[in-house]
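Reader: I would like a close look at one part of this model, taken slowly and with its surroundings kept in view. Please say which residues are covered and which are open.

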Amino acid sequence: MPQAWLTWRCKRAEGVSLGMYLILVSGVLMWLLYGLMLGALPVIIANIVTLILASFILVMKLLYK
């Protein structure tokens, strides 16, 4: 959450690695799908929150290039 807030507030994403966030978003998406297949609500909720924040940072990285 602090990284997302700082990126949005400063309109800069120089300290964010594009490759790392691509891998992170992909991995979180896979965990979310796994949680959905199991029907495990804690896994689903945790990964939805993480996916939203990580995707936001990834989009900001692409916009503020």
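Author: Helices and strands are taken here as DSSP runs, of at least four residues for a helix and at least two for a strand, numbered from the N terminus. Read in that way, the secondary structure of the chain comes to three helices and zero strands, and the order of the elements from the N terminus on is α-α-α. The model is a predicted one, and the part I shall look at closely is helix H2, which covers residues 18-38 and has the highest confidence in the chain, at a mean of 95.

Some context on confidence helps before the details. The chain as a whole has a mean pLDDT of 88, with 98% of its residues at 70 or more, while the lowest confidence belongs to helix H1, residues 2-10, at a mean of 74. Where pLDDT is low, the predicted coordinates should not be read in detail.

Turning to H2, this helix has 21 residues and reaches 30 Å from its first C-alpha to its last, which is close to the 30 Å expected at 1.5 Å a residue. Its buried residues are Tyr21, Val25, Val28, Leu32 and Gly35. Seen down the axis of H2, these buried residues fall within an arc of 85°, so they line one face of the helix. The face turned away from that buried side carries the exposed residues Ile23, Met30, Met37 and Leu38.

Met37 deserves a separate word, since its relative accessibility is 70% and a residue counts as exposed when that value is over 50%. Met37 and Leu38 also belong, together with Trp31 and Tyr34, to a nonpolar patch on the surface, and the four residues have about 520 Å² of accessible area together. Just after H2, Gly39 takes a positive phi of about 75°.

The helix that follows in the numbering, H3, spans residues 41-63; with 23 residues, H3 reaches 33 Å from its first C-alpha to its last, close to the 33 Å expected at 1.5 Å a residue. Its buried residues are Ile44, Asn47, Leu51, Ala54, Ile57, Leu58, Met60 and Lys61. Ile52, also placed in H3, counts instead as exposed, because its relative accessibility is 56%. Between the C-alpha atoms of Ile52 and Leu33, which lie 19 residues apart along the chain, the separation is 14 Å.

On the other side of H2 in the sequence, Lys11 has its place in the loop between H1 and H2, and with a relative accessible area of 41% Lys11 is partly exposed. Although Lys11 and Tyr64 are 53 residues apart along the chain, their C-alpha atoms are separated by 6.7 Å.

For the chain as a whole, the C-alpha trace spans about 40 × 20 × 15 Å along its principal axes, and of the 65 residues 26% count as buried. To return to the part in question, H2 is thus a helix whose buried residues line one face, while the face turned away from them carries exposed residues, among them Ile23 and Met30.

Conventions. Residues are numbered from 1 along each chain as its sequence is written. This is a predicted model: local features need pLDDT of at least 70, side-chain atom pairs count only at pLDDT 80 or more; totals for chains, interfaces and linings use all residues. Side-chain values use heavy atoms; hydrogens and water are left out. pLDDT is the predictor's confidence in each residue, from 0 to 100. Patches are made of residues with over 30% relative accessible area and no salt bridge: like charges are joined within 9 Å, nonpolar side chains (Val, Leu, Ile, Met, Phe, Trp, Tyr) within 5 Å. Accessible areas come from the Shrake-Rupley method with a 1.4 Å probe; for residues, only the protein chains shown count as cover. A salt bridge is a side-chain nitrogen of Lys or Arg within 4 Å of a carboxyl oxygen of Asp or Glu. Buried means under 20% relative accessible area, exposed over 50%, partly exposed in between (1.4 Å probe, protein chains only). The expected span of a helix is 1.5 Å times one less than its number of residues. The arc is that of the directions from the helix axis to the C-beta atoms.
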